[in-house]
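Visitor: I should like to be guided through this structure by way of questions and reasoned answers.

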Amino acid sequence: MKKIRFGFLSTANIGRKNWKSIHASGNAVLTAVASRDVARSRKFIAGMQAEAAFAPTPAALGSYEELIASPDVDAVYLPLPTALRKEWVLRAAAAGKHVLCEKPCGINAADVQEMISACKKHRVQFMDGVMFMHNPRTAYLRKILDDGKSIGQIKRITSSFSFRMDPKTYGRDIRLNSQLEPSGCLGDLGWYCIRITLFAMNWKLPREVRGRILTAMRTDKKHAPVPVDFAAEMVFDDDISASFYCSFIAEYQNWVHISGTKGSLVIPDFTKPNNDHEPSFELNQKEVRVKCCNCKGRHSHSLEFAQQTNMIRNFANQIRSGKLNPEWPMWALKTQQVVDECLKLASKR
């Protein structure tokens, strides 16, 4: 089996998780890491090789252009700041590289549509890096939501995703820099809340959106503030409603509640399950566990069946199939459309 060869377009910290996931996937390998400073690439590679070594050692490159042009890279993982993603997705697609893009995928939906269209034109796969979409629990939830009995018709969806950012980092954290990450916590955390809502609604878009920036911050006086505490309300057809809260200043929360005419569903850890091997949820006040493997807890620290490894594995398998998955780009575009609407309407308040 030919393994899909990944290249990292940046040494961002989130890449450390995906390095390990590629290593554990069984069908992919990392061949190159690029930074604008080759010394940074070398340092990143040396640190990660000590934790999960590839043979041969991935090449350290000193420019993004070099990675895009590399004949040893089939797919690009792109964790660059949001404001820079469009340019490099377009370049990667034109070079015939498949694209795994961090979220939010772009500054706005028009940019994301352009990125998706470029990938389609050049016959390369586009997918955003929302790991929970590749958890077996998510597929199990789809069956429950669609069976017409367990939940009935959905009436209300509420979700929350937050963590408290260290105040000491406010001045240098790019998530507070409007030139790089203009949607702040809405793009970084609200993306997940919007995604789980759209998933529950079978990808129907809301007919009405109301958003509110509760608190905004900025890295310095030269830049505009970004949302760091945000709440939104959405209304769908058939009077179905949804709300979410996301924040960089509230302590950790990570849950979703779905209420219907016949039952309710609670996921207390929807973005990242506390147990990768038996993720659970509550259905009508009873716990349900989803077995992701047959390890019976013997390998509880293994990454083989973690959702981030499934994401890499699914992406690589799709590439190897020679066919494009149209659903993955659609998920990203619709999520971005709702982010745009939330931010646009909240900005008018």
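The exchange below concerns a predicted model and takes up its core, helix packing, backbone features and selected residues.

Visitor: Which helix gives the most residues to the largest nonpolar core?
Guide: The largest nonpolar core of this predicted model has 105 residues. Those with the most contacts inside the core are F6, W19, F126, I154, F230, F244 and F281. With 11 residues, the helix that gives the most to this core is α7, residues 184-200.

Visitor: Are α1 and α2 roughly parallel or oblique to each other?
Guide: Helix α1 spans residues 14-25 and helix α2 residues 38-49, and their axes lie 11 Å apart at an angle of about 50 degrees. An angle under 35 degrees would count as roughly parallel, and one of 65 to 115 as roughly perpendicular. The angle of α1 and α2 falls in neither range, and the two helices are therefore oblique.

Visitor: Is the crossing of α1 and α2 left-handed or right-handed?
Guide: The contact involves G15, R16, W19 and K20 on the α1 side, and F44, I45, M48 and Q49 on the α2 side. By class, these residues are four nonpolar, two polar and two charged. The handedness of the crossing of α1 and α2 is right-handed.

Visitor: Which residues of α2 are in contact with W19?
Guide: W19 is one of the residues with the most contacts inside the largest nonpolar core. Beyond four places in sequence, the contacts of W19 include F8, L30, V33, A52, F54 and P58. Helix α2 covers residues 38-49, and the contacts of W19 that fall in this range are F44, I45, M48 and Q49.

Visitor: Are α4 and α5 roughly parallel or roughly perpendicular to each other?
Guide: Helix α4 (residues 82-94) packs with helix α5 (residues 109-121) at an angle of about 10 degrees, the axes being 8 Å apart. Angles under 35 degrees count as roughly parallel. The arrangement of α4 and α5 is therefore roughly parallel.

Visitor: How many charged residues does the contact of α4 with α5 have?
Guide: From α4, the contact draws on K86, V89, L90 and A93. These meet D111, E114, M115, A118 and C119 of α5. Six residues of this contact are nonpolar and no residue is polar, while the number of charged residues is three.

Visitor: What is omega for the cis peptide bond that joins A55 and P56?
Guide: P56 is situated in the loop between α2 and β3, and A55 is found in that loop. A55 is exposed, since its relative accessible area of 73% is over the 50% cut-off. For the cis bond joining A55 and P56, omega is about 0 degrees.

Visitor: Where does P104 lie, given that the peptide bond from K103 to P104 is cis?
Guide: The cis bond from K103 to P104 has omega near -10 degrees. Strand β5 covers 98-101, and helix α5 covers residues 109-121. P104 accordingly has its place in the loop between β5 and α5.

Visitor: What is phi of R123?
Guide: R123 belongs to the loop between α5 and β6. With a relative accessible area of 52%, R123 is exposed. R123 is a residue other than glycine with a positive phi, near 60 degrees.

Visitor: Is D239 buried or exposed?
Guide: D239 is placed in the loop between β9 (226-236) and β10 (240-247). Its phi is positive, near 55 degrees, although D239 is not glycine. The relative accessible area of D239 is 55%, and a value over 50% counts as exposed.

Visitor: Is A32 buried or exposed?
Guide: A32 is part of strand β2, residues 28-34. Leaving out residues up to four places away in sequence, A32 touches F6, G7, F8, P58, A59, L61, L67 and V73. The relative accessibility of A32 is 3%, and a value under 20% counts as buried.

Visitor: How is E282 classed, at 33% relative accessibility?
Guide: E282 is located in strand β13, residues 280-283. Apart from neighbours within four places in sequence, E282 is in contact with S264, L265, V266 and E287. The value of 33% lies between the 20% and 50% cut-offs, so E282 is classed as partly exposed.

Conventions: Residues numbered from 1 in each chain as written. Predicted model: local features only at pLDDT ≥ 70, side-chain atom pairs only at ≥ 80, totals over all residues. Heavy atoms only, no water. Core = buried A, V, L, I, M, F, W, Y, C linked by side-chain atoms within 4.5 Å. Buried < 20%, exposed > 50% of the residue type's maximum accessible area, 1.4 Å probe, protein only. Helix = DSSP H or I, 4+ residues; strand = E, 2+ residues; numbered from the N terminus. Contact = heavy atoms within 4.5 Å. Axes fitted to C-alpha atoms, helices over the stretch in contact; angles between N-to-C directions. Parallel < 35°, antiparallel > 145°, perpendicular 65-115°, else oblique. Left-handed = near helix turned anticlockwise from the far one by under 90°. Nonpolar A, V, L, I, M, F, W, Y, C, P; charged D, E, K, R; others polar.
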